[in-house]
Amino acid sequence: MDDAPDGADFVLDGFTVTDLGAAPAGEMAACGTLSVDPAAETLEPGVAGIVEANFTNYEATAVTGVSVGLTVPDGWKAEPVGAVAFDSVAAGAKATAGWRVTPPVDAKYQTYNLSSEVSYTVGSAKRTLGAQTSVRTLPPPPTTDSWASDLDWTAASNGWGPVERDISNGETGAGDGSPLTIGGTVYAKGLGSHAPAKIRYYLGGQCTSFTAEVGVDDVQKSAGSVQFSVTADGTEKVKSPVLRAADTAWSLTADVTGAKYVELVVGDGGDGNGNDHADWGNARFHCGS
């Protein structure tokens, strides 16, 4: 442009700024953050679980009259644990409110939304923030012998990519593994993981044992060392020796009689988790009469 000032890289002509803030009319946007944080990914019907809402004040000054609420689905209970209102929260400080949240005993197995709102005053102005999250109720426990890969777990963590069903752990994407193979034996059913890994199942006291053939997947030709264990309601029931890429599968059996929760755990063998693709071949819960 002929009239651009000297040194200008570009000029915007007819530039308009529009306020797209979501604050109610007459109310300035809040300066802070709010999160809703369940203590667990799943809630058991009829059993209270802790849910927290965390408000951080990023206003330039302290805020007063802070009130935090939690909205739960119809038929659910939310009972405060400690304070949910605060006289003042300093600039840069955080306030945490908590509730015991109980789904009804007949809550369906599905995902539910939880939402929170915080209101406060800064100077003479009232401001609000909202946040939401989702939780699942527990899947129904197995009542007959069941492959682990056919059941929904309640939580899972994995050292590389996601835990896979009926294939080995591949790269960081889902479904990118290869057939589960340990020592040349291919397993049509099982779980593919990578140390450190933990897979948590809800059994509801319905099962008696868990069995699997475990080891380093054959995709690792010479590297990798892993150790498998199973815990039932927090008590370790079995632990394998450290298994390496050249080893054949180790037969694992764990007594899980009466356990509500069982965790399948993989450690890195004590030397870091590089190449630690860990297979649970033929992983099976034995349940029912």
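The following questions and answers concern strands and a pocket in a predicted model.

Local features need pLDDT of at least 70, side-chain atom pairs count only at pLDDT 80 or more, and totals for chains, interfaces and linings use all residues. Residues are numbered from 1 along each chain as its sequence is written, and side-chain values use heavy atoms, without hydrogens and water.

Trainee: Why is one side of β1 and of β5 left without a neighbour in the sheet?

Mentor: Strands are DSSP runs of E, at least two residues, numbered from the N terminus, and two strands pair if DSSP finds at least two bridges between them. The open sheet has four antiparallel strands in the order β1-β3-β7-β5. One side of β1 (32-38) and of β5 (77-81) is free because each stands at an edge, with a single partner strand.

Trainee: Which residue in β7 is the bridge partner of P80?

Mentor: β5 pairs with β7 (residues 94-102) in the antiparallel sense, over five bridges. Within β7, the partner of P80 is W99.

Trainee: How many residues of β18 are buried?

Mentor: Buried means under 20% relative accessible area, with exposed over 50% and partly exposed in between (1.4 Å probe, protein chains only). β18 spans residues 225-232 and is mostly covered. Of its eight residues, the buried ones number seven.

Trainee: Which residue takes a positive phi in the hairpin of β18 and β19?

Mentor: Four bridges join β18 to β19 (residues 235-239), and the two run antiparallel. T231 stands opposite E236 in β19. The hairpin has two residues between the strands, and the one with a positive phi near 50° is D233.
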